[in-house]
Amino acid sequence: MPKNSALMLNRNAREILEQKVIPFADELGVKILHLPGGSTVIDMGIHCRGGFVAARHFVEACLGGLGALTYGKIKLKTHWVPSVRVMLTEPAIAIMSAFIASYRVPWKGHLVSLSGPGRCIKDRPEDDHFAHAISYYEPEVQEAVFCIQTTDLPDEELAGELCRKTGVPPEGMFIVAAPTGCVVGAVQVCARNVEQALPTLVDRGFPLGNVVEAYGVTPVVSITDAEEIAYGRVNDCLIYGQVSTLYVRCEDEEITQILEEIPFSKNRDVYGLPFQELFARCENDWVKVPRDWDAPCRLVFMNLKTGNTFSTGSIGYDTLQQSFMGKDGFVV
Amino acid sequence: MIKEDFFARKEPVKELAVWQGVPVLDMGLTTRCAWASGKNLVKQVIQSRGEVAFGEIWVGESPLVSLDLCLDDPFRLHAPVVEKLAEGELHHFTDLGFSVGLFHALPAARAMPTQLLLATSETGPVASVYRSFLHTVQTAGEIRAFGFGETDFLWGWTSVILPPLSDDIVLTEQRVQVAAKMGSVCGFWLRAGQDKTIQKCLASLSERAEIRLHNLVSSNTFVRGVLRETELRQALNLT
């Protein structure tokens with residue numbers, strides 16, 4: 001059994017849903033569906049409006065209870081815009097075992113990606129490389145929470161597949177869903193700030209055991225019904241707007257040798273282009289997106305061992321402003 | 001329920017009187033209730049349909065505390081019915097079953113249209129938070145009055161400064177207006193088939209430093225005004 005299995009991410013997430021979401025569905029603007037097989041689906045924006053409070057619960061459940069989301073604001077040139085701040089406990093586990101959307105299952109004839117602590121249940125799928133980047137897993141659990149960014153309401157087919165893969169009984173299976181084009185969708189993607197940083201470090205061989213604490217802040221520049229535009233904008237917020245801070249314990253050289261390879265701004269040939277355009281160049285398929293494009297905007301390291309601070313990357317104010325205003329928006 | 005909630009939060013509230021069966025809760029009239037009580041009062045009015053927090057807006061080198069709201073259902077925000085008294089003002093939220101009293105002295109007992117009165121100092125911190133909140137309520141009400149229905153009036157995000165406190169009610173009220181006109185940012189997400197509708201609505205709203213309306217249908221944002229830091233600094237006499 002892994003040393004931290006007592007963290008019980010799935011239980012934490014289930015408690016958040018059962019204690020803070022399901023009894024307050026009306027106030028939160030969400031809908032609860034009990035599938036015939038026994039699984040529970042929580043719709044936070046597909047056939048309902050959702051809201052900022054629901055979005056906070058989505059993120060905190062998706063982190064397996066190992067993080068807290070709060071709202072703040074950031075100045076974008078002359079405009080103050082809302083922001084999300086995520087503060088993590090056990091950041092490597094919260095992100096690699098739960099928050100990353102890298103659990104792929106077939107649904108409606110396609111492979112879809114899910115996030116949430118359900119990813120860390122015993123026989124983690126071989127193709128979920130990020131889950132295997134750390135040793136944490138939860139053996140023999142009777143409950144699982146998955147989150148999915150989708151415009152289609154999860155159904156028995158998806159729930160059944162997840163139950164089969166995890167071994168969790170249907171009555172213990174919870175799926176939280178929201179499209180990108182709603183407030184929950186926008187917030188939960190913008191909350192993926194530290195999430196964007198840690199895999200980039202893994203790619204460069206930086207041991208995640210060095211990461212002690214972490215937090216990230218991302219602007220939420222706008223929300224729209226149009227799913228494709230929404231998808232572009234929330235990713236603009238991440239690659240051009242988020243700042244993550246990692247408290248690490250290591251030699252300074254371990255940081256400095258990879259520092260310039262981390263931020264999105266290293267992609268000089270495309271830096272400044274809206275994500276919607278970048279994604280279109282990849283035929284709207286994440287598999288075709290260069291790994292270097294999924295990179296944080298700005299990352300700060302605070303080394304507890306030496307007391308030194310290092311940072312890399314820069315905020316793309318012009319692109320964010322474009323995202324904020326839209327094609328035909330204006331200031332009077 | 002509301003009364004129990006304030007007591008449960010261990011705030012320094014106390015029952016001051018009973019007006020014809022209606023309890024009067026002292027929430028800063030003579031007690032030390034302050035910012036946290038103001039925040040909880042706002043939470044009660046929005047019925048927990050949103051997030052309430054304090055932030056800052058930096059004006060030069062002076063950070064002014066702001067009341068920051070993430071609103072999940074701004075359509076339901078209704079302005080109180082205001083009753084002017086010699087001792088201050090009574091704001092009745094009849095749908096919610098309580099009233100807020102902004103007083104310099106407790107008035108004589110009177111008949112109330114609600115089941116609870118929360119009494120606070122008209123120049124104190126609870127009133128400051130509450131008044132900043134009312135700017136958002138007013139703007140939301142104007143959008144509703146323009147014609148946006150519940151399904152087209154989705155969410156809101158606002159940040160309004162809490163002006164420096166003063167014992168002088170006249171100066172306090174002036175500063176409340178300064179906060180609205182120079183130190184407030186109000187944003188709402190709406191659905192309109194045409195951007196022109198959004199633009200007309202924007203033009204119809206009362207003055208705020210910055211108001212922006214996001215059209216979820218067209219994905220465009222329309223902004224009127226900007227936070228006026230220099231004027232704000234002068235108006236509030238910040239050095």
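**Strands, surface and cysteines in a predicted two-chain model**

In chain B, a hairpin with 2 residues in its connection leads from E5(B) to E6(B). The model examined here is a predicted one. Strand E5 spans residues 81-85 of chain B, and 5 bridges tie E5(B) to E6(B) in an antiparallel arrangement. Within this pairing, B:Glu83 lies opposite B:Leu90 of E6(B). On its other side in the pairing scheme, E6(B) meets strand E7 of chain B, residues 98-103, again in the antiparallel sense and over 6 bridges. Here B:His91 has B:Val100 of E7(B) as its bridge partner. The connection between E6(B) and E7(B) is also a hairpin, with 4 residues between the strands, and B:Gly97 in the turn shows a positive phi of about 85°. As for E6(B) itself, which covers residues 88-93 of chain B, 6 of its 6 residues are buried, and the strand is mostly covered.

A second strand of chain B invites a similar look. How many residues of strand E11 of chain B are buried? The count is 6 of 6 for residues 210-215, so E11(B) is largely enclosed by the rest of the structure. In a regular strand, side chains alternate between the two faces of the sheet. For E11(B), both faces are covered: one side carries B:Glu210, B:Arg212 and B:His214, the other carries B:Ile211, B:Leu213 and B:Asn215, and all of these are buried. The buried set thus includes the charged-type names B:Glu210 and B:Arg212 alongside B:Ile211 and B:Leu213.

The partners of E11(B) can be followed strand by strand. Strand E10 of chain B, residues 184-190, runs parallel to E11(B) and is joined to it by 6 bridges. One of the contacts along this pairing sets B:Phe188 against its bridge partner B:Leu213 in E11(B). The path between these parallel strands involves helix H5 of chain B, residues 195-204: E10(B), H5 and E11(B) together make a right-handed β-α-β unit. With strand E12 of chain B, residues 220-225, E11(B) pairs in the antiparallel sense, also over 6 bridges. At this pairing, B:Asn215 has B:Asn220 of E12(B) as its bridge partner. The hairpin of E11(B) and E12(B) has 4 residues between the strands, and B:Ser219 adopts a positive phi near 70° there.

Attention now turns to the surface of chain B. Which residues form a nonpolar patch there? The patch consists of B:Trp35, B:Phe54, B:Val65 and B:Leu165, which together offer about 330 Å² of accessible area. Of these, B:Trp35 belongs to helix H2 of chain B, residues 35-46. B:Trp35 is partly exposed, at a relative accessible area of 37%. Helix H2 of chain B also holds B:Lys39, which is partly exposed with a relative accessible area of 24%. The C-alpha atom of B:Lys39 is separated by 7.4 Å from that of B:Ala53, a residue 14 positions away along the chain.

The cysteines give a simple result: the structure holds 0 disulfides over all chains. A:Cys62 takes part in no disulfide, and the nearest cysteine sulfur, that of A:Cys147, lies 3.7 Å away. A:Cys62 is buried, with a relative accessible area of 0%. Why does A:Cys190 make no bond with A:Cys237? The sulfur of A:Cys237 is the closest cysteine sulfur to that of A:Cys190, but the separation is 4.0 Å, which is too far for a bond, given that a disulfide calls for sulfur atoms within 2.5 Å. A:Cys190 likewise counts as buried, at 0% relative accessibility.

Finally, chain A contains two backbone features worth a glance. A:Glu283 has a phi near 55°, a positive value in a residue other than glycine. A:Glu283 sits in the loop between helix H10 (275-281) and strand E11 (298-303) of chain A. At 56% relative accessibility, A:Glu283 counts as exposed. A:Asn284 is found in the loop between H10 and E11 of chain A, and has a positive phi of about 55° although it is not a glycine. With 43% relative accessibility, A:Asn284 counts as partly exposed.

Methods:
Residues numbered from 1 in each chain as written. Chains lettered and ligands numbered in written order. Predicted model: local features only at pLDDT ≥ 70, side-chain atom pairs only at ≥ 80, totals over all residues. Heavy atoms only, no water. Buried < 20%, exposed > 50% of the residue type's maximum accessible area, 1.4 Å probe, protein only. Pairing = 2+ DSSP bridges. Right-handed = clockwise from strand over helix to strand, strands pointing away. Patch = residues over 30% accessible without salt bridge, like charges linked within 9 Å, V, L, I, M, F, W, Y side chains within 5 Å. Areas by Shrake-Rupley, 256 points an atom, 1.4 Å probe, with all protein chains shown as cover. Salt bridge = Lys/Arg side-chain N within 4 Å of Asp/Glu carboxyl O.
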